[in-house]
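Work through the exercises below with the model open. Try each task before you read its solution.

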Amino acid sequence: ALALLLLVIAVYYWKVLFTGQFSLLTGSEAASQAYAWLHYWVASIRGGTLPLWDPYTFSGHPFAGEMQTQAFYPLHLLFLLVPMGANGEVLARAFEYWFVFSHFLGACFMFALARELRLGRFPALVSGLCFSLGNFLAISSWPHFWEAGIWLPLVLLFLLRAVRAEDKRRLVGNAVLSGLALGLAILAGGLQIAMAAAVVVVTAGVFAGFTRSGKGRWTRAALAVGVAAVAGFAAGAVQLFA
């Protein structure tokens with residue numbers, strides 16, 4: 001199923017992946033902001049410095065203080081494995097491959113959530129494709145939106161596992177994983193997406209309190225939401241306080 005997801009997404013973005021006639025960097029903001037920020041981040045890390053200060057705009061300002069620059073997003077470390085261009089630049093091709101790979105991850109995460117909700121493989125496959133290719137994730141040119149958005153299914157998946165857990169250890173463990181996914185959405189720079197994920201956590205906890213049976217269901221739901229919130233805040237704290 002995951003191989004089929006990858007195949008469909010690759011075909012969907014065939015113009016970018018398999019031809020040299022199209023690019024995601026033709027828009028002004030995609031080139032002058034998203035790509036420029038990524039290049040500065042990668043160049044700084046390769047040079048052995050943390051990209052905390054941007055000396056190139058507004059006579060200098062805090063690079064990490066603007067969430068959408070994604071100064072602390074750990075998945076961007078994968079760019080250190082990719083060769084740079086002849087002039088020391090991040091290859092535009094690498095940026096475009098990353099765009100496609102991120103959408104593949106989002107499809108996989110939604111597939112996993114659908115399976116957690118006990119859907120069959122085919123409806124889970126459709127769910128993953130619709131999530132990754134059928135909404136703002138597919139059309140947004142701002143990485144901080146689609147890189148934050150792909151974590152939403154994992155936030156809900158692990159929270160559902162937490163509220164369904166019979167023992168406290170599994171409840172706390174899954175709630176922490178839900179919070180870590182929320183923290184990654186924060187570190188990805190999408191403040192609006194992170195706020196939406198926080199709303200998902202709270203409302204899912206309330207829903208579980210109303211629909212789950214058994215003694216202490218509200219206590220378990222409150223514990224799951226609380227642990228997820230604390231873990232998410234802790235994981236994203238470096239960006240929230242930057």
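Helices here are DSSP runs of H or I with at least four residues, numbered from the N terminus. The model is predicted.

**Exercise 1. Place Gln 192 in its helix, then decide how exposed Gln 192 is.**

Step 1. Gln 192 belongs to helix 10, which covers residues 191-211.
Step 2. Its relative accessibility is 48%. Exposed needs over 50%, and buried needs under 20%. Gln 192 therefore counts as partly exposed.
Step 3. Now look across to Phe 145. The two residues are 47 apart along the chain, yet their C-alpha atoms are separated by 8.2 Å.

**Exercise 2. Classify the ring pair Phe 109 and Trp 151, and say which parts it ties together.**

Step 1. A pair of aromatic rings is described by the distance of the centres and the angle of the planes.
Step 2. For Phe 109 and Trp 151 the centres are 5.1 Å apart and the planes meet at 35°. Stacked needs under 30 degrees and edge-to-face over 60. The pair is tilted.
Step 3. Phe 109 sits in helix 4 (residues 92-116). Trp 151 sits in the loop between helix 7 (143-149) and helix 8 (152-164). The pair therefore links parts 42 residues apart in sequence.
Step 4. Check burial: Phe 109 and Trp 151 are both buried.

**Exercise 3. Classify the pair Trp 142 and Phe 145, and compare the burial of its two members.**

Step 1. The ring centres of Trp 142 and Phe 145 are 5.7 Å apart. Their planes stand at 85°, so the pair is edge-to-face.
Step 2. Trp 142 has a relative accessible area of 32% and is partly exposed. Phe 145, at 17%, is buried.

**Exercise 4. Test the length of helix 5 (residues 121-133), then find what covers its buried residues.**

Step 1. Helix 5 has 13 residues. The expected span is 1.5 Å times one less than that number, which gives 18 Å.
Step 2. The end C-alpha atoms are 18 Å apart, in agreement.
Step 3. Its buried residues include Ala 124, Leu 125, Gly 128 and Phe 131.
Step 4. Their cover includes helix 1 (2-12), helix 4, helix 6 (136-139), helix 7 and helix 8.

**Exercise 5. Describe the largest pocket: its volume and its lining.**

Step 1. The largest pocket holds about 210 Å³ of space.
Step 2. Among its lining residues are Trp 37, Tyr 40, Asp 54, His 61 and Glu 66.
Step 3. Helix 3 (residues 28-46) gives the largest share of this lining, with five residues.

Technical notes:
Residues are numbered from 1 along each chain as its sequence is written. This is a predicted model: local features need pLDDT of at least 70, side-chain atom pairs count only at pLDDT 80 or more; totals for chains, interfaces and linings use all residues. Side-chain values use heavy atoms; hydrogens and water are left out. Rings of Phe, Tyr and Trp (its six-membered ring) pair if their centres lie within 6.5 Å; planes under 30 degrees apart count as stacked, over 60 as edge-to-face and the rest as tilted. Helices (H or I, at least four residues) and strands (E, at least two) are DSSP runs, numbered from the N terminus. Buried means under 20% relative accessible area, exposed over 50%, partly exposed in between (1.4 Å probe, protein chains only). Contact means heavy atoms within 4.5 Å. On a 1 Å grid over the protein atoms alone, a cavity is a set of points where a 1.4 Å probe fits but cannot get out, and a pocket is an open set with protein on both sides within 12 Å along at least five of seven lines; lining residues have an atom within 4 Å of a point. Grid points are joined across faces, edges and corners, and a volume is the space filled by probe spheres set on the points.
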